[in-house]
Amino acid sequence: MDAGVDAGVEPGVELIGALRSVVGAGQVLDDDDLVAPYAVDWSRRFAGPALAVVRPADTAEVAAVVRACIAAGVPVLPQGGNTGLVGGSVPGADGPPVVILSTRRLARLEPVDDLAGQVTAGAGVVLADLHRHVRAAGWEYGVDLAARDSATVGGTIGTNAGGIRVCVHGMTRAQVVGVEAVLPDGSVISHLGGLPKDNTGYDLTGLLVGSEGTLGVVTAARLRLVRPATASAVALVGVRDAADALALVRSAVPRGVRLLAAELLDAAMLRHVCTVASLPWPLAGAADHLLLLETESPRDGEIAMDLPDDRDAVVALDPADRARFWSYRERAAEATAALGVPHRFDVSVPMGGWDAFVTDLRARVRSLPDVDELLVFGHLADGNLHVEVLGPQPDDERVDAVVLTAVADHHGSISAEHGVGRAKAAYLALTRSPAEIAAMRAVKAGLDPRGLFNPGAVLV
Ligand SMILES: Cc1cc2nc3c(=O)[nH]c(=O)nc-3n(C[C@H](O)[C@H](O)[C@H](O)COP(=O)(O)OP(=O)(O)OC[C@H]3O[C@@H](n4cnc5c(N)ncnc54)[C@H](O)[C@@H]3O)c2cc1C
């Protein structure tokens with residue numbers, strides 16, 4: 001589109017006309033009611049103004065949409081399933097109106113390359129669909145998380161998502177062999193050949209993974225696949241604290257057996273899950289924490305874990321029971337959403353530092369007004385805690401400052417897997433040095449000199 005705008009025509013109106021000519025009128029939403037669900041995030045804590053939602057069908061359309069927005073000087077915000085939890089997937093409340101570029105129609109899924117153990121997927125492919133597709137071919141995709149029915153390949157790449165299998169397969173970055181993307185100048189880069197070894201220059205794929213829509217739009221990805229577990233057993237065990245749980249994981253998983261997951265919930269969180277999801281208390285007696293442990297089994301129906309007899313524990317072997325056991329962990333975010341609009345923190349601390357951090361955090365948060373409850377659960381095997389605080393108003397930042405400062409004091413990271421988004425952008429310096437942030441700014445300025453890609457996310 002031409003950068004010039006006719007006198008007397010609102011720039012937004014001109015842009016929407018240009019977008020309609022690129023993707024078709026039906027794929028540009030500018031009616032407030034239709035735009036609203038895209039402009040507020042899953043947590044309901046973050047929302048902001050959007051000029052329109054545009055839904056391109058392929059990479060050429062994405063590039064044309066980006067060029068039209070840049071010519072009009074209007075910011076672009078890539079969005080997948082909008083399950084992000086750090087306000088990065090929706091416009092900033094005080095920011096300029098943006099065009100939300102929804103990737104959901106980029107849902108191309110190519111046949112699995114059995115020889116390479118790879119697949120090429122469009123950015124808009126939903127994670128659960130990707131899982132079904134590769135399982136049918138005898139493979140597994142290494143990233144899985146509770147938002148699998150809505151989160152997309154592009155969104156999980158955008159955030160470098162973690163999830164429940166990081167302890168065995170690593171984070172999303174470890175699964176991405178190459179990407180195709182539209183950069184902020186509208187150019188297309190494509191690296192989908194799947195070469196396992198390719199040391200030619202800067203790793204642009206690695207750079208785009210975790211860039212949260214601030215450096216371009218990923219339109220497709222070449223993904224590494226893993227062999228599925230032969231079979232597995234899931235145990236729910238009552239434990240005292242994280243140290244007790246970690247000691248149990250170390251002694252219960254025999255040498256040579258793959259640990260598939262180790263997740264932890266505190267008792268208060270577990271009680272809320274039971275109430276909201278109408279699930280019975282899973283153990284025979286009371287417990288301070290619940291450990292969910294999953295290990296690979298050599299054969300269906302076999303248990304490859306050594307659980308001491310004196311532990312309050314139950315073990316699931318068949319798929320229905322395993323799924324039921326997992327729901328105690330997977331419905332945690334939903335349970336707190338049913339209680340209000342929590343301040344959600346996804347943080348990590350060094351292994352072994354979980355209990356000391358939580359004890360210190362509870363003491364610090366106690367001094368704040370309006371805090372009703374502080375709940376902790378998360379991916380124990382990765383030192384990744386989800387801390388959820390109920391009570392403070394959504395825009396009351398005091399609790400954010402206290403929690404994230406405590407994380408820094410405990411030598412952790414203010415974002416383990418959800419990203420920085422808008423929620424944590426002002427706190428980045430707590431766990432990243434001035435030199436690191438300067439390098440990030442240089443990358444951003446180099447690729448997006450006008451700052452039009454997801455402004456206000458990651459860097460402020
Ligand atoms: C119930 C629940 C459980 C969750 N569990 C986990 C978990 O275990 N681990 C975890 O890591 N996360 C988890 N999340 C958070 C969320 O699901 C992940 O961050 C996920 O990666 C977001 O994917 P999405 O498609 O919804 O992306 P969106 O929310 O749409 O976007 C997230 C970010 O990525 C950017 N983005 C989206 N698409 C693209 C693209 N094509 N190119 C470039 N940038 C893009 C956006 O601009 C935004 O900054 C959970 C969320 C919920 C609601």
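In this predicted model, Thr120 makes a convenient starting point: the residue is buried, because its relative accessible area of 4% falls under 20%. Thr120 belongs to strand S5, which covers residues 118-122. Its side chain is also engaged, making a polar contact of 2.9 Å with the side chain of Arg222.

A second covered position is Leu183, which sits in the loop that joins strand S7 (176-182) to strand S8 (188-190). With a relative accessibility of 14%, Leu183 is under the 20% limit and therefore counts as buried. Leu183 also illustrates how the chain folds back on itself in space: 35 residues of sequence separate Leu183 from Val218, yet their C-alpha atoms are 8.6 Å apart.

We may turn next to the ligand. The shell around the ligand holds 36 residues, and those that come nearest are Pro78, Gly80, Thr83, Gly84 and Thr152. Several polar atoms of the protein face polar atoms of the ligand. A backbone N or O atom of Asn82 lies 2.9 Å from a ligand oxygen, while an N or O atom in the side chain of Thr159 is 2.8 Å from an oxygen atom of the ligand. On the nitrogen side, a polar backbone atom of Gly163 is found 3.3 Å from a nitrogen atom of the ligand. Taken on its own, the ligand has 980 Å² of accessible area, and the protein covers 96% of this.

Which elements give two or more residues to this shell? They are strand S3 (76-79), helix H5 (153-159) and strand S9 (217-226). Helix H5 gives the most, with five residues. Sorted by class, the shell is made up of 22 polar, twelve nonpolar and two charged residues. Both domain 1 (11-105) and domain 2 (118-226) take part, each supplying at least three residues to the shell.

Helix H3, which runs over residues 59-72, offers a simple check of geometry. Its 14 residues should span 20 Å at 1.5 Å a residue, and the C-alpha atoms at its ends are indeed 20 Å apart, so the two values agree. The helix is mostly covered, with ten of its 14 residues buried. Among them are Thr59, Glu61, Val62, Ala63 and Ala64 towards the start of the list, and Ala68, Cys69 and Ile70 towards its end. At the N-terminal end of H3, Asp58 acts as a cap, with a side-chain oxygen 3.3 Å from the backbone nitrogen of Ala60. Beyond the helix comes Gly73, whose phi is positive, near 70°.

Backbone angles deserve a further look elsewhere in the chain. Most residues other than glycine have a negative phi. Arg44 departs from this pattern, with a positive phi of about 65° although it is not a glycine. Arg44 lies in the loop between helix H2 (32-39) and strand S2 (50-54). Is Arg44 buried, partly exposed or exposed? The residue is partly exposed, because its relative accessible area of 47% lies between the limits of 20% and 50%.

Val458 is another residue that is not a glycine and yet has a positive phi of about 65°. Its place is in the segment after helix H14 (434-447). Val458 is buried, since its relative accessible area of 13% is under 20%.

Note on methods
Residues are numbered from 1 along each chain as its sequence is written. This is a predicted model: local features need pLDDT of at least 70, side-chain atom pairs count only at pLDDT 80 or more; totals for chains, interfaces and linings use all residues. Side-chain values use heavy atoms; hydrogens and water are left out. A residue is near a molecule or strand if one of its heavy atoms lies within 4 Å of it. A polar contact is a pair of N or O atoms within 3.5 Å; within protein, one must be able to donate a hydrogen and the other to accept it, and residues adjacent in sequence count only if both atoms are side-chain atoms. Accessible areas come from the Shrake-Rupley method with a 1.4 Å probe; for residues, only the protein chains shown count as cover. Helices (H or I, at least four residues) and strands (E, at least two) are DSSP runs, numbered from the N terminus. Ala, Val, Leu, Ile, Met, Phe, Trp, Tyr, Cys and Pro count as nonpolar, Asp, Glu, Lys and Arg as charged, and the others, Gly among them, as polar. Domain bounds come from an automatic or database domain assignment. The expected span of a helix is 1.5 Å times one less than its number of residues. Buried means under 20% relative accessible area, exposed over 50%, partly exposed in between (1.4 Å probe, protein chains only).
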